[in-house]
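Student: Hello! I have just opened this structure and would like some help reading it. Could we go through a few residues together?

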Amino acid sequence: MAIKFYNTLTKRKERFTPIKAGEVKIYTCGPTVYDTAHIGNFRTFIFEDLLKRFFVLKGYKVQHVMNLTDVDDKTIQRSVAEGINITELTQKYIDLFFEDLDTLKIIRADVYPKATEHVDIMIKMIEKLVDNGYAYQSDDKSIYFNIAKFNDYGKLAKLNMAEQKKSERIASDDYSKDNPQDFVLWKAWKTEDGEVFWNSPWGKGRPGWHIECSAMSTKYLGEHFDIHCGGVDNIFPHHENEIAQSQCAHDNKFVNYWLHSEHLMIDSGKMSKSLGNFYKISDLTAMGFTPETLRYLLLNSHYRTKIDFSVDKKQEAKKVVQRVNDFYDRLMNSSINKQNEKLPQEFNLFVAALDDDLNTPKALGIFFEWLRRTNIELDNDSITEDKIAQAINFVEKFNSVFDLLLQKSQIPQEVSDLVKKREEARANRDWNRADVYRDEIKALGWTIEDTKDGAKLKALK
Ligand code: AMP
Ligand code: ZN
């Protein structure tokens with residue numbers, strides 16, 4: 001079935017066609033590292049993780065870039081308030097961010113470019129915009145993008161520019177949709193910026209937030225790529241401005257599909273760092289939330305609907321996670337000899353639900369209904385070994401997207417190392433050595449079978 005996504009740019013579900021067959025290039029806006037990322041930010045990052053895992057399930061080669069915003073108004077203000085150097089501040093939060101990503105089993109992007117390490121390419125892009133008449137210098141020496149020069153300005157956020165009264169230019173990185181304005185590309189240095197500045201053709205200063213993502217996405221994915229994601233709060237002004245800058249600087253289409261996840265709410269308000277109404281991942285794990293329960297709670301709603309987060313949902317989520325794990329263990333205990341490559345037909349329904357704009361609630365519904373029926377067959381002893389093998393395959397495919405199986409069901413490092421060594425021995429046609437590794441793997445409680453897709457491991461129980 002064709003993959004369809006709701007494209008914020010066209011405001012409708014569209015069939016997904018990659019620029020290059022079998023490959024997908026994705027750029028996702030990363031955290032502003034002036035504080036710890038909260039569960040709201042991770043709602044967006046988990047949605048992006050799901051998108052990526054889904055493409056892998058569909059057999060795509062995925063290239064994923066996520067930036068780290070390590071210089072902006074907030075990072076500078078916080079480093080001044082704490083009396084520490086900005087790099088010291090941002091590195092602390094970058095390290096915490098990666099710890100949380102790993103806790104939540106989020107698959108790492110291919111690259112996490114830092115804004116501060118790419119200022120040269122941002123300056124080049126701004127120079128192009130100035131040279132081509134899209135940007136100008138104001139009295140304070142800052143450089144602004146002239147939104148009147150770009151006919152499509154407002155298309156992503158659906159602004160009717162004819163009805164808008166264009167007001168003053170704006171130096172701040174974030175502002176409201178009610179007030180589209182010329183936005184800053186390069187901020188001239190001010191005393192409060194202290195030691196944070198770079199030299200440029202326009203004097204000392206630093207880049208605005210929006211140009212960071214335009215420049216870094218182009219560097220790593222090219223001028224024109226497939227998918228750009230973020231939370232809905234990124235639509236305006238951030239992504240609107242990214243489109244304007246990129247299209248005007250490159251005279252090329254920028255992004256084909258814009259996907260935005262809705263907010264995670266708390267007490268009916270948006271969870272946000274600036275409001276201080278947030279839970280960090282470490283707060284939640286201290287309360288007894290496991291990575292799997294958090295993944296379930298964040299993926300159980302469709303990405304385009306709001307989530308009302310509440311700690312009261314912990315028990316319900318724990319039960320669901322337990323159910324998948326018990327089921328998997330039960331299947332593994334039932335069959336050790338029979339393996340195949342087949343999948344039950346419910347798997348196709350599961351994938352079809354995800355094909356339809358990543359309908360995770362529907363996909364989970366299909367999976368759990370099938371799990372319930374299969375459990376009954378196991379109770380009645382009315383299931384064939386062939387079907388058990390298919391069921392194991394389905395749970396593993398399911399898990400490659402949702403990742404709800406506890407670590408204990410997954411392969412220990414020692415075993416994966418031996419598998420790798422065995423592969424090497426086989427590649428060298430050293431069959432005796434390969435057999436020794438197979439026995440060592442078995443001694444650790446795992447069987448290995450060679451299939452056309454490579455070696456497959458099963459736990460012996
Ligand atoms: P920030 O660190 O504020 O730049 O945000 C990083 C990402 O988290 C962006 O894609 C935001 O859109 C997203 N985000 C921020 N708050 C929330 C929230 N409450 N729910 C979902 N996503 C959010
Ligand atoms: Zn961005």
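What follows is a short talk about a buried lysine and some salt bridges.

Tutor: Happy to help! This is a predicted model, in which local features need pLDDT of at least 70 and side-chain atom pairs count only at pLDDT 80 or more, while totals for chains, interfaces and linings use all residues. Residues are numbered from 1 along each chain as its sequence is written, chains are lettered from A and ligands numbered from 1 in the order in which they are written, and side-chain values use heavy atoms, leaving out hydrogens and water.

Student: Is Lys 114 buried or exposed?

Tutor: Start with its place: Lys 114 sits in the loop between α3 (86-103) and α4 (119-131). Helices here are DSSP runs of H or I with at least four residues, numbered from the N terminus. Buried means under 20% relative accessible area, exposed over 50%, and partly exposed in between, with a 1.4 Å probe and protein chains only. At 18% relative accessibility, Lys 114 therefore counts as buried.

Student: Which residues does Lys 114 touch, not counting those up to four places away in sequence?

Tutor: Contact means heavy atoms within 4.5 Å. With that cut-off, the residues that Lys 114 touches are Leu 68, Asp 70, Gln 91, Ile 94 and Met 216.

Student: How many salt bridges does the structure hold?

Tutor: Side chains of opposite charge can pair when their charged atoms come close. A salt bridge is counted when a side-chain nitrogen of Lys or Arg is within 4 Å of a carboxyl oxygen of Asp or Glu. The number of salt bridges in the structure is 25.

Student: How many residues apart in sequence are the parts that Arg 295 and Asp 49 tie together?

Tutor: The side chains of Arg 295 and Asp 49 form a salt bridge, 2.9 Å from N to O. Arg 295 lies in helix α8 (residues 291-299) and Asp 49 in helix α1, so the pair ties together parts whose separation in sequence is 246 residues.

Student: Which helix holds both Arg 53 and Asp 49?

Tutor: These two also form a salt bridge, with the closest N and O atoms 2.9 Å apart, and both are buried. They are 4 residues apart, about one turn of the helix, and that helix is α1 (residues 39-57).

Student: What is the relative accessible area of Arg 372?

Tutor: Arg 372 meets Glu 369 in a salt bridge of 2.9 Å, N to O, and both lie in helix α11 (residues 360-380). Glu 369 is partly exposed at 32%. Arg 372 is also partly exposed, and its relative accessible area is 43%.

Key:
Helix = DSSP H or I, 4+ residues; strand = E, 2+ residues; numbered from the N terminus.
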